[in-house]
Amino acid sequence: MASVTITNVWKYYGKTVAVKDLNIHCEDGEFVSVLGPSGCGKSSTLRMLAGLEHISAGDIHFGDMRVNELEPKDRDIAMVFENYALYPHKTVYENMANPLRLRGSSEDLIEKRIAFAAEMLEIEHLLQRKPMELSGGQKQRTAIGRAIVREPKLFLFDEPIAHLDAKLRARMRGELKLMQRRLGTTMIYVTHDQLEAMSMADRIAVMHNGVLQQLGTPQEIYNHPVNEWVAGFVGEPPMNFFDCELVEEGGRFVLVHPAFRQMVSEAQSALLRGALRGTSVRMGIRPDQISIGGKSTVESVAGTIKVTEPLGGDTLVNVDLKNAQLLVKTHPDFSGAMGETCHLTFDTGRWHFFASDNGIAYF
Amino acid sequence: MASRDVVTYKTPLSRLLNVVIVIFLAFYLVWTILPLFLMFVSSFKDLLAAFQLPPVGAFSQIGIFFDFEPTTKHYYNLFYNLGFSTYLMNSIIAAGGSAVVSVVLGSMAAYSLSRVDFRGKGDLFFWIISTRMAPVVAVLVPLYAIFRGFDLIGTRTGLILAYTTFNLPFAIWILKGFFDNVPFAIEEASMVDGSTRFQAFRAILPLVAPGIGAFLVLCVLFAWNDFLFASIIGSGGAKTLPPATRELVQPQNIQWGSIMAAGVVTTVPMMFLGLLIRRYLVTGLTMGAVRE
Ligand SMILES: Nc1ncnc2c1ncn2[C@@H]1O[C@H](COP(=O)(O)OP(=O)(O)O)[C@@H](O)[C@H]1O
Ligand SMILES: [Mg+2]
């Protein structure tokens with residue numbers, strides 16, 4: 001087991017910058033997920049941790065040991081690749097035995113470890129098959145099995161379940177999390193799927209264009225995104241954004257949008273007062289922080305229902321405001337026909353304001 | 001594999017086409033097999049019987065071809081009087097040796113060209129292939145001079161080296177294509193598992209086995225059929241089958257029977273090699289793709 005410290009790490013491929021000045025510290029035994037859209041430098045980061053990619057600048061430490069120049073085989077890590085990367089000509093058993101064989105373990109030990117891993121992953125009956133004869137989920141379990149037989153210092157998982165179907169993915173999320181908790185091994189888990197990151201990780205590192213945006217617990221990332229990009233990327237369905245103006249009235253701010261006027265609370269006004277630059281802000285509010293109903297109230301905003309999408313457990317409602325659109329998530333028995341007028345109430349305690357120039361969050 | 005059945009409907013035209021194809025194949029078969037067949041039959045004939053031919057156009061007398069007492073005296077002559085066992089051995093060693101050396105060096109070179117990025121890689125690769133672009137005769141004289149300097153003329157080592165000179169670029173070129181098709185991730189997984197670069201290279205060798213098999217055959221064929229190098233570099237101590245056969249044509253006495261027998265001795269091993277490795281050849285040369 002070891003902690004992992006990434007200090008001012010850069011990665012260049014020729015002129016392309018894949019990772020910019022990355023700093024992440026990951027505690028011993030922690031499950032850290034690196035989350036970001038495709039091409040944001042997640043795999044590059046992981047491959048530098050594995051020693052498969054040269055580190056252009058900066059340092060990586062495992063515990064106190066600097067590993068920049070260490071060969072992959074000397075780093076005592078185990079990696080699961082996005083495309084599984086099994087040895088096609090070897091059986092599942094031999095695939096899993098390989099890391100132990102390379103380290104000269106005895107046959108007894110190999111058998112014991114594989115039996116343990118195979119039972120945990122429920123692939124005991126597949127041990128004599130070749131990868132070609134396995135389904136995607138089984139291949140992926142084999143790849144994980146190969147990673148866990150050795151009890152390494154650090155797990156590196158690169159989108160291991162991205163190619164599975166939705167149902168299997170949901171199950172694997174739980175299983176992987178349980179597995180990591182049981183083994184207690186430090187885990188760095190790369191994914192573009194926020195659901196995976198939110199549900200499994202102790203902490204999430206959100207990356208965008210090679211830059212770390214925010215590092216925090218799933219709750220922090222979800223409830224206190226540091227900027228507009230993180231707020232928009234995390235959360236499903238995504239957050240609604242509005243370009244607004246702030247005017248001061250009687251010691252408090254009022255948020256003005258062509259379609260609505262909303263009072264800003266005392267506490268939020270206080271937060272804005274020191275920091276605010278200019279008068280325009282971007283307001284962000286999640287679809288489940290808006291309630292929708294037929295009756296108008298003092299604070300409510302009138303809109304027109306454009307379309308409703310019943311999802312079973314919830315219903316999504318697309319609403320047209322005067323010159324904006326928004327998405328509301330409401331209870332499944334919401335009845336509103338297309339074109340009807342509806343009244344929206346914002347949960348103003350939980351909305352977010354972002355600077356309109358650089359997207360940084362005021363709160 | 002998804003089903004790739006294609007539904008076809010028989011039309012008069014397609015039936016006619018089938019007939020034409022069968023006729024063509026029949027002719028082609030005769031065209032291909034007949035010389036080999038004649039060679040094979042004649043090698044068991046005594047010289048007189050070999051020249052008994054039916055008159056032109058007299059197809060009814062074709063049985064005259066088969067009306068002979070089989071004899072193995074030509075083979076006996078080859079191996080006991082003319083020393084063909086040595087020449088056969090020379091051929092096997094020269095062809096096999098150069099194939100093995102080319103594959104060992106070629107696979108390592110191809111692997112590094114496929115995997116490692118370094119300055120001037122494209123130029124280096126082109127230079128390697130370009131050595132194959134010059135015709136063999138163009139390099140024969142300088143090669144002869146160099147080999148004589150090292151006392152390699154007339155030795156098996158000399159022949160192996162000469163064939164390797166020509167097979168190695170070819171090996172690198174073919175095998176690089178096969179390595180390019182092996183996903184990086186497999187050897188990366190191997191390195192993370194704890195292997196060195198060289199162990200990782202060995203771990204993916206089974207995946208390029210079709211390529212190696214295909215190349216071995218091409219390499220052996222090139223050396224086995226070679227006449228030019230064999231008669232110049234190998235002349236003297238390391239005579240192989242083709243020049244040895246050529247020597248059976250003497251001004252006052254063309255030993256047809258022995259020539260036919262030598263032809264059989266030269267052809268049969270390659271035919272068996274072809275049969276043995278046919279599966280590899282087809283998959284090797286056509287697909288080359290190795291998917292995980
Ligand atoms: N071997 C490479 N050569 C050149 N560019 C690369 C290479 N690998 C990745 N990149 C580039 O680096 C960026 C980050 O890639 P990657 O780390 O694979 O992203 P992610 O895993 O988040 O999708 C991308 O723009 C990609 O095109
Ligand atoms: Mg990736």
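Lys and Arg count as positive here, and Asp and Glu as negative. On that basis, chain A carries 39 positive and 45 negative charges. The mean positions of the two sets lie 3 Å apart. The model is a predicted one.

Chain A has 363 residues. Its secondary structure consists of 9 helices and 20 strands. Along the principal axes, the C-alpha atoms of chain A occupy a box of roughly 75 × 45 × 35 Å. Buried residues make up 51% of the chain. The accessible surface of chain A is about 15,900 Å². Carbon and sulfur atoms account for 51% of that surface. Contacts in chain A often link distant parts of the sequence: of those between residues at least 6 apart, 66% join residues at least 24 apart.

Ligand 1 was examined next. Its surroundings include Tyr13(A), Ala18(A) and Pro37(A). The run from Ser38(A) through Gly39(A), Cys40(A), Gly41(A), Lys42(A) and Ser43(A) to Ser44(A) also belongs to this shell. Helix 1 of chain A, residues 42-50, gives the most to the shell, with 3 residues.

Oxygen atoms of ligand 1 take part in several polar contacts with chain A. A backbone N or O atom of Gly39(A) lies 2.6 Å from a ligand oxygen atom. For Gly41(A), a backbone N or O atom is 3.1 Å from an oxygen atom of the ligand. Ser44(A) uses its side chain instead: a polar atom there is 2.5 Å from an oxygen atom of ligand 1. On its own, ligand 1 has 560 Å² of accessible area, and the protein covers 58% of this.

In chain B, helix 8 spans residues 184-193. Why is this helix largely enclosed by the rest of the structure? The reason is burial: 9 of its 10 residues are buried, so the rest of the structure largely encloses the helix. A residue is called buried when its relative accessible area is under 20%. The buried residues are Ala185(B), Ile186(B), Glu187(B), Glu188(B), Ala189(B), Ser190(B), Met191(B), Val192(B) and Asp193(B).

Both chains supply packing partners for these buried residues. From chain A come helix 1, strand 6 (77-80), helix 2 (92-102) and helix 4 (136-148). From chain B come helix 4 (84-115) and helix 9 (197-204). Helix 1 of chain A thus appears in two settings: in the shell around ligand 1, and against helix 8 of chain B. Gly194(B) follows helix 8 of chain B, and its phi is positive, near 125°.

Terms used:
Residues numbered from 1 in each chain as written. Chains lettered and ligands numbered in written order. Predicted model: local features only at pLDDT ≥ 70, side-chain atom pairs only at ≥ 80, totals over all residues. Heavy atoms only, no water. Helix = DSSP H or I, 4+ residues; strand = E, 2+ residues; numbered from the N terminus. Buried < 20%, exposed > 50% of the residue type's maximum accessible area, 1.4 Å probe, protein only. Contact = heavy atoms within 4.5 Å. Areas by Shrake-Rupley, 256 points an atom, 1.4 Å probe, with all protein chains shown as cover. Charge placed at Lys NZ, Arg CZ, Asp CG, Glu CD. Near = heavy atom within 4 Å. Polar contact = N/O pair within 3.5 Å; in protein donor to acceptor, adjacent residues only side chain to side chain.
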